[in-house]
Amino acid sequence: AGAIVIATANMDEFAMGSSNEHSAHGPVLNPHDTSRVSGGSSGGSAVACTLGFAPLTLGSDTGGSVRLPSSFCGIFGFKPTYGRVSRFGLVAYGSSLDQISPFARSSDDLDRIMQIIGKQDSNDATSLEGSYSSQLGKSSFKDIKIGVPRKLLSHGIDKNVSDCFTQLETEMKKRGVTFIDVDLEGIEHTLSVYYIIACAEASSNLARFDGIRFGSRAEKFEDLQDLYSATRSAGFGAEVKKRIMLGTYALSSGYYDAYYGRAQSVRNLMKNSFKKVFEQVDFIYLPTGPSSAFKCGE
């Protein structure tokens, strides 16, 4: 479309992290306060956009890796519906969750980039038919119904976040938006389900990094098995190793049904719960995270 890609950006290794402190290149610091994190995993892309190095940047979002950095850095981030943007060329972490996602300094810019990248791609078997269509300025605030899962807001959220949340809700009510309290069945299991599914898929996806076809290769080894072991020991950081081990355990014989199978069942339950809620409302409104950018090392 005529855009010039100027650089690659720092990120948590294999997209595993929420703070961009787990990077082979060192942490990405928050541009507003360098004692704080930028958010992860795609913190480099968020900071590049925030500081104006580029008007638009791309990240990958599996469990908040674009939404968190955009929130922590004070810009706009958008995770499209799974399959709306091609994953062709993306190094897979959790294949059923990963989605290429844009950063921008305005919602207009997000809309522009989505019109270009939000299209079906024959190179990606999970790509959705059709293409993204802009909805900016097409509906009146008075026609909109927004659901709020109030139970999730009752504890664990910092005051500055809840104050911003309430302020925006009040502003939207003045413009005619209708707010409805909703209940999302099974939502309290989100984190557990995410870690089981994402780590299980990561352990499978990252098995290909064996020093033969992908990634770095250990220089000293005695035989093939030793090459694999030495390469994976040196080539993966602590966070990545931890998640591979968790995923391998969840998929192992005797535990598959107890963990991975069960997590998929709960995921289905949540999917149906969201479908039910979206029969009543157009959107669901929640804070991006329970806090703003936390201190490095916290």
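This dialogue walks through how some helices and strands of a predicted model fit together.

Reader: Before we start, what kind of model is this?

Author: A predicted one, where local features need pLDDT of at least 70 and side-chain atom pairs count only at pLDDT 80 or more, while totals for chains, interfaces and linings use all residues. Residues are numbered from 1 along each chain as its sequence is written, and side-chain values use heavy atoms, leaving out hydrogens and water.

Reader: How do I read a pair of strands?

Author: Strands of a sheet pair through backbone hydrogen bonds, either parallel or antiparallel. Here, strands are DSSP runs of E of at least two residues, helices are runs of H or I of at least four, and both are numbered from the N terminus. Two strands pair if DSSP finds at least two bridges between them.

Reader: Which way do β6 and β7 run?

Author: Strand β6 (residues 145-148) and strand β7 (residues 178-181) are parallel, joined by four bridges. Look for Gly147, which stands opposite Ile180 in β7.

Reader: In what order do the strands of the open sheet come?

Author: The order is β3-β5-β4, with antiparallel pairing. At the edges are β3 (56-61) and β4 (76-77), each pairing on one side only. Six bridges link β3 to strand β5 (residues 99-104), and Leu58 faces Pro102 in β5.

Reader: And how do I read helix contacts?

Author: Contact means heavy atoms within 4.5 Å. Try α5 and α8: among the residues that meet, α5 offers Val193 and Ile196, and α8 offers Tyr259 and Met270. The contact residues divide into nine nonpolar, two polar and two charged, where Ala, Val, Leu, Ile, Met, Phe, Trp, Tyr, Cys and Pro count as nonpolar, Asp, Glu, Lys and Arg as charged, and the others, Gly among them, as polar.
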